[in-house]
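User: I am new to this structure. Please show it to me, and then I will ask why certain words are used for certain residues.

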Amino acid sequence: MMVEGSTRNLRDLLERVRNWALANSPWLVHYNSGSCNGCDIEILATLTPRYDLERLGIKLQGSPRHADVLVCTGPVTRQSRDRLRRIYEQMPEPKFVVAVGTCSISGGVFRGCYNILGGIDEAIPVDAYIPGCPPRPEAIINGVALLLKQLQPDRADEIDNLMVEMGIDPHAIPQEEDLTDEYADPIGIR
Ligand code: SF4
């Protein structure tokens, strides 16, 4: 009985430490499931010294087994769907998915092509959508910051202040109408 209680306490403690570490320093893994590379270049721009996303405690690394957040670009092609699912399944819980760019939301300019299944949520669940073709680094940082603030609400002011230091308006979050009209369907394909 005593051993069971101790094991449960240890498990709870490990869980709390893990959640604390995730909220303070989420590790990202990036996957291009069919992008034209425009969105990928903007993601790289967020990591370089001009924007320096690491200031928010975020780190890009290579293995899905060590990642908390999967950042996806591009539509899902038939060829990439199973790889995308495998990457998602390899990530430990809790895990989050951010879809960057119009194509990752709806298929964008590739929508309707014979080899395109649609947006990322055709293959895996998505937690945050960042519209734009491609989205500017400010929009990507805004989307990631929104996710961080949901994970750790008591850090919201600190994150907002860091964004202001970067020259980004922390409240300029794209609205739902942006997702469905101007951004999600830029060339009018239905
Ligand atoms: S949203 Fe635009 S930049 Fe991004 S993958 Fe699609 S076409 Fe390329």
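Analyst: Asn37 is exposed, with 12 other C-beta atoms within 10 Å. Please keep in mind that this is a predicted model.

User: Why is Asn37 called exposed?

Analyst: The cut-off for exposed is 12 or fewer other C-beta atoms within 10 Å. Asn37 has 12, so Asn37 counts as exposed. Asn37 sits in the loop between strand E1 (27-32) and helix H2 (38-47).

User: What is noted about the phi of Asn37?

Analyst: Phi of Asn37 is near 90°. That is a positive value, and Asn37 is not a glycine.

User: What makes Asp52 partly exposed?

Analyst: Asp52 has 14 C-beta neighbours inside 10 Å. Exposed needs 12 or fewer, and buried needs 20 or more. The count of 14 fits neither, so Asp52 is partly exposed. Asp52 is in the loop between H2 and strand E2 (59-60). Its phi is positive too, at about 55°, although Asp52 is not a glycine.

User: Why does Cys113 count as partly exposed?

Analyst: Cys113 has 13 other C-beta atoms within 10 Å. The limit for exposed is 12 or fewer, and buried starts at 20, so 13 falls in between. Cys113 belongs to the loop between helix H4 (102-106) and strand E6 (116-118). From Cys113 to Thr77 is 36 residues in sequence, and 9.4 Å in space, C-alpha to C-alpha.

User: How do you know that Leu70 is buried?

Analyst: Leu70 is in the largest nonpolar core, a set of 35 residues. Such a core takes in buried residues, so Leu70 is buried. Leu70, Cys72, Val98, Ala99 and Val100 have the most contacts inside this core.

User: Which elements supply this core?

Analyst: E1, H2, strand E3 (69-73), H3, E5, E7, H5 and helix H6 (156-165) each supply at least two residues. H5 gives the largest share, six residues.

User: What makes Ala99 and Cys72 a contact?

Analyst: A contact needs C-beta atoms within 7 Å. Ala99 is listed in contact with Cys72, so their C-beta atoms lie within 7 Å. Other contacts of Ala99, beyond four places in sequence, include Ile105, Ile120 and Tyr129.

User: Which peptide bonds are cis?

Analyst: One is the bond from Glu93 to Pro94, with omega near -5°. Pro94 is in the loop between helix H3 (81-90) and strand E5 (96-100). Another runs from Cys133 to Pro134, with omega near -10°. Pro134 is in the loop between strand E7 (128-130) and helix H5 (137-151).

Methods. Residues numbered from 1 in each chain as written. Predicted model: local features only at pLDDT ≥ 70, side-chain atom pairs only at ≥ 80, totals over all residues. Helix = DSSP H or I, 4+ residues; strand = E, 2+ residues; numbered from the N terminus. Core = buried A, V, L, I, M, F, W, Y, C linked by C-beta atoms within 7 Å. Contact = placed C-beta atoms within 7 Å.
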